[in-house]
Amino acid sequence: KLSSDWWRGGVIYQIYPRSFQDSNGDGIGDLKGITARLDYIASLGVDAIWISPFFKSPMKDFGYDVSDYRNVDPMFGSLADFKELLDQAHAKGLRIMIDLVLSHTSDQHPWFIESRSNRENPKSDWYVWADPKPDGTPPNNWLSIFGGSAWQWDARRLQYYLHNFLTSQPDLNFHCPDVQDALLDVARFWLDLGVDGFRLDTINFYFHDKALRDNPALPMDQRNATIAPAVNPYNHQDHLFSKSQPENIAFLERLRALTDEYEGRACLGEVGDAQRGLEIMGEYTSGDKRMHMCYAFEFLEKRSLTATYTKHVFDQLEAKAGDAWPCWAFSNHDVQRHVSRWNLDDAAARQHAVLMMCLRGSACLYQGEELGLHEADVPFEKLQDPYGIEFWPEYKGRDGCRTPMVWAAQDEQSGFSTAEPWLPVSAQQAGQAVDRLEADPSSMLNHYRRAIALRHAHPALATGAQTGMTETGSILSFVREDLHEQIFCAFNLGMDSAAFNLPEGSWQVMGQDLGGVEGSGNVVLNAAQFILMYRKKG
Ligand code: TEU
Ligand code: CA
């Protein structure tokens with residue numbers, strides 16, 4: 001499927017490069033490691049790979065703090081290694097999306113070093129600098145996601161600078177036209193090199209309110225819908241002025257126009273907003289001049305996909321974001337793996353894999369998800385994530401989903417490395433190693449392959465309309481359809497058996513080999529069961 005809209009309904013495999021495959025025995029995954037595993041990735045049947053940042057970085061936030069946008073960190077290899085990876089992936093029909101972190105840089109980026117040197121240098125307003133209040137305190141009440149004020153005092157400029165994440169991740173000032181141009185040049189550099197698209201980090205954080213108005217407090221009853229962990233005071237504020245500003249749109253349009261100069265490239269924008277996520281998704285993907293799709297947080301939350309919640313999300317999506325094209329994920333490098341987060345047993349995990357392939361939208365699968373991995377236990381002494389260190393023990397950080405990929409059941413380092421890895425291999429995960437599951441036709445890994453193949457075999461599942469979403473007790477049902485076929489999908493997402501009436505007409509049951517049940521008329525679905533049926537049109 002090498003069409004130019006491969007991204008629509010596509011399945012994207014997310015790689016966290018530090019933890020995927022080490023090729024040179026330093027305990028850290030790298031680009032050559034990914035290249036060595038391309039056959040495995042292709043065997044999953046995915047359309048594309050999104051690689052988390054591998055650019056030059058002091059690694060304070062493990063690559064999401066970039067100090068040189070145009071080069072590969074030596075830890076991960078070289079630009080030549082990246083080109084080799086790109087060529088080999090393309091030869092196997094796999095697209096490569098890179099992760100552009102444009103909202104902020106590392107404090108070691110030459111731009112920031114220059115900007116902080118004094119108040120007169122040419123880059124003095126490339127970052128968000130502001131004077132203290134008369135009493136010396138920060139200019140306003142904005143908070144950092146990773147804890148504390150969003151403002152950091154700088155003793156040289158005698159001013160504060162803005163950071164939405166770590167203090168070592170100063171926020172770029174998008175109100176400055178030179179900053180926008182410089183970042184578009186970065187995007188062009190990678191497009192010229194041949195990447196197929198961008199996963200764009202935190203696109204709703206690009207602009208801030210120029211007047212630096214205080215954020216209002218969030219009403220008590222809204223403080224539970226969270227992106228950040230509950231213990232984080234960040235949840236108590238409505239980030240009205242520190243993110244999701246109207247100016248973002250014009251920049252996204254510039255980025256899209258640039259991308260459209262090239263054939264078949266796609267922009268996937270990450271929008272984290274607990275209050276207005278779907279609305280913003282609507283704004284950012286509407287028409288064909290902004291993002292191709294937005295990465296949604298709705299299924300990355302603590303609350304699971306009950307029939308009620310899932311229907312609610314799609315109703316909201318339709319109401320607030322009409323033609324938006326979502327990209328769903330259950331797991332990623334920032335959240336507890338979903339099998340643990342939602343406490344899914346084997347059957348439910350399999351059912352969720354199929355559900356993901358049936359829902360309208362593109363889908364991201366996070367490395368190890370296809371093995372059914374649980375969150376790994378990482379003891380405090382081994383913790384690497386500064387976010388986890390800050391809020392331990394109420395929140396344990398993001399290391400439990402970042403432990404090394406498990407390739408080989410018998411190997412002490414799971415086939416990931418010959419050295420001690422940067423995070424410990426989880427002993428509990430050995431039984432789910434790739435080599436173990438590969439050999440068993442009924443394994444989770446092979447189940448995922450069949451689920452992905454199902455989507456590719458039925459264009460209605462990938463790109464068709466989604467109609468008639470209905471909640472019958474704990475059963476969620478809906479229809480996917482295009483010009484040629486209709487697919488009826490029903491999933492029992494509850495803990496108990498439930499009954500419902502199959503739609504009239506002559507349908508063919510499909511997907512039993514995935515674990516669904518056959519039936520007619522009034523059928524009962526047990527917990528974690530589902531049924532898929534299709535019929536040709538006209
Ligand atoms: O994440 C953005 C984001 O909103 C996360 O901070 C999220 O709220 C948190 O991790 C939930 O646990 C992106 C990247 O995915 C993340 O890895 C980076 O740390 C962050 O941006 C800063 O670049
Ligand atoms: Ca390495």
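Here is a walk through a predicted model, from one helix out to the strands and the nonpolar cores.

Let's start with helix 5, which covers residues 177–193. With 17 residues at 1.5 Å each, helix 5 should span 24 Å, and since its end C-alpha atoms sit 25 Å apart, the expectation and the model agree. Now look at which residues point inward: Val-179, Leu-183, Ala-187 and Trp-190 are the buried ones in helix 5. They take up an arc of only 75 degrees around the axis, so they lie on the same side of the helix. That fits the usual geometry: an α-helix has 3.6 residues a turn, so residues three or four places apart point the same way. Flip to the other side of helix 5 and you'll find Pro-177, Asp-181, Asp-185, Phe-189 and Asp-192, which are exposed.

What do the buried residues of helix 5 pack against? Their partners are strand 5 (95–100), strand 9 (197–200) and helix 6 (248–259). Right after helix 5 comes Gly-194, with a positive phi near 110 degrees.

Strand 5 leads us on to strand 2, residues 48–51, because the two pair in the parallel sense over 4 bridges. Within that pairing, Ala-48 stands opposite Arg-95 of strand 5. Strand 2 also runs parallel to strand 1 (residues 11–15), and 4 bridges join them; here Gln-14 has Trp-50 as its bridge partner. Strand 2 is covered on both faces: Ala-48 and Trp-50 are buried on one side, Ile-49 and Ile-51 on the other.

Ile-49 turns up again in the largest nonpolar core, which has 142 residues; along with Ile-96, Met-97, Cys-294 and Met-357, Ile-49 touches the most other members. Helix 10 (residues 346–358) gives this core its largest share, 8 residues. The core also takes at least three residues from each of domain 1 (11–103 + 177–454) and domain 2 (465–536). If you leave out residues up to four places away in sequence, Met-357 touches Ala-363, Ala-451, Ile-452, Leu-454, Arg-455 and Leu-461. Apart from the largest core lies another one of 5 residues, including Ile-28, Ala-376, Val-378 and Leu-423.

One more stop: an open sheet of 3 strands in the order 6-8-7, with antiparallel pairing. Strand 6 (129–130) and strand 7 (151–154) are its edges, each pairing on one side only. Strand 6 meets strand 8 (residues 159–162) over 2 antiparallel bridges, and Ala-130 has Tyr-160 of strand 8 as its bridge partner.

Conventions. Residues are numbered from 1 along each chain as its sequence is written. Chains are lettered from A and ligands numbered from 1 in the order in which they are written. This is a predicted model: local features need pLDDT of at least 70, side-chain atom pairs count only at pLDDT 80 or more; totals for chains, interfaces and linings use all residues. The expected span of a helix is 1.5 Å times one less than its number of residues. A residue is buried if 20 or more other C-beta atoms lie within 10 Å of its own, exposed if 12 or fewer, and partly exposed in between; C-beta atoms are placed from the backbone. The arc is that of the directions from the helix axis to the C-beta atoms. Two residues are in contact if their C-beta atoms, placed from the backbone, lie within 7 Å. Two strands pair if DSSP finds at least two bridges between them. A nonpolar core is a set of buried Ala, Val, Leu, Ile, Met, Phe, Trp, Tyr and Cys residues joined through C-beta atoms within 7 Å. Domain bounds come from an automatic or database domain assignment.
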